[in-house]
Amino acid sequence: MSDIVVRHAEPKDYDAIRQIHAQPQVYHNTLQVPHPSVEMWQDRLTDRPGIKQLVACIDDCVAGHLTIEVAQRPRRSHVADFGICVGAQWQNRGVASALIRTMIDMCDNWLRVDRIELTVFVDNEPAVAVYKKYGFEIEGTGKKYGLRNGAYIDAYFMARVK
């Protein structure tokens with residue numbers, strides 16, 4: 001398999017990121033709504049304080065996307081949360097691990113972040129496993145956290161503390 005290259009997302013990546021998030025297998029495990037617009041993704045990927053956008057590429061194809069959001073409130077400036085997705089055709093190939101390793105390095109060594117948080121649906125066992133692999137721990141469960149396919153689903157609150 002080709003190497004995975006992780007880099008900052010660029011404007012040329014907007015449509016590829018939008019297409020990944022539009023895949024039913026992907027948005028099933030996120031809080032995204034089906035059929036995202038180009039305008040929404042252009043806005044979402046605009047540079048904003050505290051937000052870093054990463055993509056993982058295989059053979060110059062965007063295979064995954066990760067957004068880090070560092071809290072801007074002074075008393076939470078040591079905290080970041082993130083969202084991640086991997087295109088259906090690229091899952092189980094190390095893309096999520098490559099993105100998470102890069103994010104952890106950025107947080108630990110460049111962004112002054114000591115706590116990284118996330119939420120994940122309780123039935124997304126592959127995601128929970130990869131988060132645990134990188135030191136994230138389940139801190140609690142949000143009941144009826146999100147609506148998916150007409151039914152509410154619980155989510156774990158997970159965090160990694162440096």
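So, α5: its buried residues are Ala127, Val128, Val130 and Tyr131. Keep in mind as we go that this is a predicted model. If you look down the axis of α5, those buried residues fall within an arc of 165 degrees, so they line one face of the helix. That fits the textbook picture: an α-helix has 3.6 residues a turn, so residues three or four places apart point the same way.

What do the buried residues of α5 pack against? They pack against β4, α4, β5, β6 and β7. Turn the helix round, and the face of α5 away from its buried side carries the exposed residues Glu125, Pro126 and Lys133. And just past the helix, α5 is followed by Gly135, which has a positive phi, near 90 degrees.

Okay, now swing over to α1, residues 14–21. Here the buried residues are Tyr14, Ile17, Arg18, Ile20 and His21. They span an arc of only 160 degrees around the axis, so they sit on the same side of α1. Their packing partners are α2, α3, β2, β3 and β4.

Right after that comes Gln23, in the loop between α1 and α2. Buried or exposed, this Gln23? Gln23 has a relative accessible area of 18%, and the cut-off for buried is under 20%, so Gln23 counts as buried. Its side chain makes a polar contact of 3.3 Å with the side chain of Gln89. Leaving out neighbours within four places in sequence, Gln23 is in contact with Gly87, Ala88 and Gln89.

Let's move on to the pockets. The largest pocket has a volume of about 1,200 Å³. It is lined by 41 residues, and the ones that lie nearest its centre are Thr30, Gly83, Ile84, Cys85 and Tyr131. You've met Tyr131 already: it was one of the buried residues of α5. Which elements give two or more residues to that lining? They are α2, α3, β3, β4, α4, β5 and α5. By class, the lining has 19 nonpolar, 14 polar and eight charged residues.

The second largest pocket holds about 180 Å³ of space. Its lining is Pro24, Tyr27, His28, Thr30, Leu31, Gln32, Pro34, Leu147, Arg148 and Asn149. The elements giving two or more residues to this one are α2 and β6. By class, you get five nonpolar, four polar and one charged. If Thr30 rings a bell, it should: Thr30 lies nearest the centre of the largest pocket along with Gly83, Ile84, Cys85 and Tyr131, and Thr30 also lines the second largest pocket.

Last topic, backbone angles. Most residues other than glycine have a negative phi, so let me show you two that don't follow that.

One is Asn149, which we just saw lining the second largest pocket. Its phi is positive, near 50 degrees. Where does Asn149 sit? In the loop between β6, residues 137–148, and β7, residues 151–161. Asn149 is exposed, at 68% relative accessible area.

The other is Arg112, with a positive phi near 60 degrees. Arg112 is in the loop between α4, residues 95–109, and β5, residues 115–121. At 62% relative accessibility, Arg112 is exposed too.

That's my tour; happy to rotate the model if anyone wants another look.

How values were computed. Residues numbered from 1 in each chain as written. Predicted model: local features only at pLDDT ≥ 70, side-chain atom pairs only at ≥ 80, totals over all residues. Heavy atoms only, no water. Helix = DSSP H or I, 4+ residues; strand = E, 2+ residues; numbered from the N terminus. Buried < 20%, exposed > 50% of the residue type's maximum accessible area, 1.4 Å probe, protein only. 1 Å grid on protein atoms, 1.4 Å probe; cavity = no way out; pocket = protein on both sides within 12 Å on 5 of 7 lines; lining within 4 Å. Points joined across faces, edges and corners; volume = space filled by probe spheres on them. Nonpolar A, V, L, I, M, F, W, Y, C, P; charged D, E, K, R; others polar. Arc of directions from axis to C-beta. Contact = heavy atoms within 4.5 Å. Polar contact = N/O pair within 3.5 Å; in protein donor to acceptor, adjacent residues only side chain to side chain.
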